[in-house]
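Here's a walk through one protein model, with an eye on charged side chains and on how the parts of the chain meet. Have a look at the structure first, then read on.

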Amino acid sequence: MTTVKSVKTLQLYINGEWVDAKSGEFFDVISPATGEVIYRAANGRADDAKRAIDASYSAFPKWSKISSKERAAILFRLYQLMHENLEDLAQTISNEMGKPIKQARGEVMNAAEYVLWNAEEGKRIYGTTIKGFEENKRLQVIKQPVGPVAAITPWNFPLAMVTRKISPALASGCTLVLKPAEQTPGSAAKFFELAEKAGVPKGVINLVTGSPAEIGDAFLSDKRIRKITFTGSTRVGKLLMKKATDQVKRVSMELGGHAPFIVFEDADIDQTVSSIMKSKYFNCGQTCISPNRIYVQESVKEKFLTKLKEKVESLQIGYGLEEQVDLGPVVSQAGLEKVKSHVKDAVQKGAVLISGGDEFPVQGYENGYFYLPTILADVNEEMQIANEETFGPVAAVLTFKTEDEVIEKANNSDYGLAAYCFTKDLSRSVRVSEALEYGMVGINDTVMSQVQGPFGGIKESGLGREGGPNGLADFLETKFISTII
């Protein structure tokens, strides 16, 4: 079935101009729902990244010195433009990464809120005056922008991840070069078009699509880039961190997750299942905070599985741009193969397939990467799915007997991004939330991406936080000034 009439060409955005890569090369961007080419994106390389760094470095002195009020006004106009172009942005997200349009609209709204939040926070960068021991000495602490920033964003939230990095950088007075995921350059390009309309000056933000290795190395080797902010896999994050140490670059890393979801016997099962549906199958399970290990207390296992199966089998699977669709495709063939491999491994090792467990041919979109929403019961720690992030629509259900047992199992992971606990017992909720070794814990709640809260993890899930009252901190340097008068 043909749904794309023409293929749009995407260029780089450097120093306020849309330009081709120096090589003149392009790469194809494929719709995961149709298998069709939807964009030809400029295939930028190291020399293009250097051009973007040049522009960012040149623009930094002026941008860092304009008033926070002026920067906030530009960001507020950008926030307004995102609302005015909500449907266009949402359709772009859905088309290039498969997310159902209803969820894509939600992403646009969330992305816009990060722009507004950081615009307001930028006006509240405070310094400190400290009383010295000597009468003729004055001590001050001021905050200054760290400098030009390089940002690398993933495909699963192709707009929200962009605004969560660009807006605090701009609000802090930093300039920036962005390298978006190869699967989803269209959302970033749309955002840059709106930023240009909002009045972001030339060189302040720059967009380079293309070769991850070459562009990343250019960011890391250039001393003018003072900070790297990255969202993606732990494997890539570790490589970036190692290379960043050569120049002691500041880094912010939001990396992989392997979230435990604990269901105690006193939990409201209907509420719990509803929350799992909003998180495990949201974005086809392709979120870093998606529940990967669902621990259910033995006494409520059967009740839980019955209710979850009923809800899962009511999901509508299909092309994300169709309004009735609840579950779109996995982003790529490689992603689909990983899901299939995890399910196959689990079943071979004794897991019970409760629902799903296979690819799903959607009529008219036979080339898409669709997979049935799946439930696996009797999962154990010997299975891949209990130890690796699946990034797909598969709920892996394990059981436990005691609170201490499940806390130990939940913490037995190198990852520490998000965890969930469902219970009506207030005392238990406090004990468990404090014992879980994760940067974020949801008690009877799975909505973690809120602009007011600090988003990020511990252990091998990353460094730093995005959003919340201290969201600008990673983009600011602390300078101590001691003056004798």
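## A loop glutamate, a domain interface and some salt bridges

The side chain of E182 is in polar contact with the side chain of K179, at 2.9 Å. Keep in mind that this is a predicted model. E182 sits in the loop that runs between strand 9 (176-179) and helix 6 (185-198). Leaving out residues up to four places away in sequence, E182 touches F27, V29, G210 and P212. Even with those neighbours, E182 is partly exposed, at a relative accessible area of 32%. D270 is 88 residues from E182 along the chain, and their C-alpha atoms are 39 Å apart.

Now for the domains. Domain 1 takes in 8-255 + 461-484, and domain 2 covers 259-443. Their C-alpha centres are 31 Å apart. Where they meet, 23 residues of domain 1 contact 28 residues of domain 2. That buries about 2,200 Å², with carbon and sulfur atoms giving 58% of the area. On the domain 1 side, P32, A33 and S461 lose the most area to domain 2, together 23% of what that side buries.

What about polar links across this interface? There are 12 residue pairs in polar contact between domain 1 and domain 2 (both at pLDDT 80 or more). Helix 3 (86-97) and helix 4 (101-121) are the elements that give two or more residues to the domain 1 side. That side is made up of eight nonpolar, 10 polar and five charged residues. The two domains also share two salt bridges.

Across the whole structure, the salt bridge count is 32. Here are some individual pairs:

| Pair | N to O distance |
|---|---|
| K102 and D326 | 3.4 Å |
| R164 and E254 | 3.9 Å |
| K238 and E460 | 3.0 Å |
| R431 and E403 | 2.8 Å |

How buried or exposed are the partners? With a cut-off of under 20% for buried, R164 at 3% counts as buried, and so does E254 at 4%. In the K238 and E460 pair, K238 is partly exposed at 39%, and E460 is also partly exposed, at 29%. The R431 and E403 pair is mixed: R431 is partly exposed at 42%, whereas E403 is buried at 15%. R431 lies in helix 13 (residues 426-435) and E403 in helix 12 (residues 403-411), so this bridge ties together parts 28 residues apart in sequence. Elsewhere, K50, D54, D222 and R224 are joined into one network by salt bridges that share partners.

Key:
Residues are numbered from 1 along each chain as its sequence is written. This is a predicted model: local features need pLDDT of at least 70, side-chain atom pairs count only at pLDDT 80 or more; totals for chains, interfaces and linings use all residues. Side-chain values use heavy atoms; hydrogens and water are left out. Domain bounds come from an automatic or database domain assignment. Contact means heavy atoms within 4.5 Å. Buried area is the accessible area (1.4 Å probe) that two parts lose on being put together, summed over both. A salt bridge is a side-chain nitrogen of Lys or Arg within 4 Å of a carboxyl oxygen of Asp or Glu. A polar contact is a pair of N or O atoms within 3.5 Å; within protein, one must be able to donate a hydrogen and the other to accept it, and residues adjacent in sequence count only if both atoms are side-chain atoms. Helices (H or I, at least four residues) and strands (E, at least two) are DSSP runs, numbered from the N terminus. Ala, Val, Leu, Ile, Met, Phe, Trp, Tyr, Cys and Pro count as nonpolar, Asp, Glu, Lys and Arg as charged, and the others, Gly among them, as polar. Buried means under 20% relative accessible area, exposed over 50%, partly exposed in between (1.4 Å probe, protein chains only).
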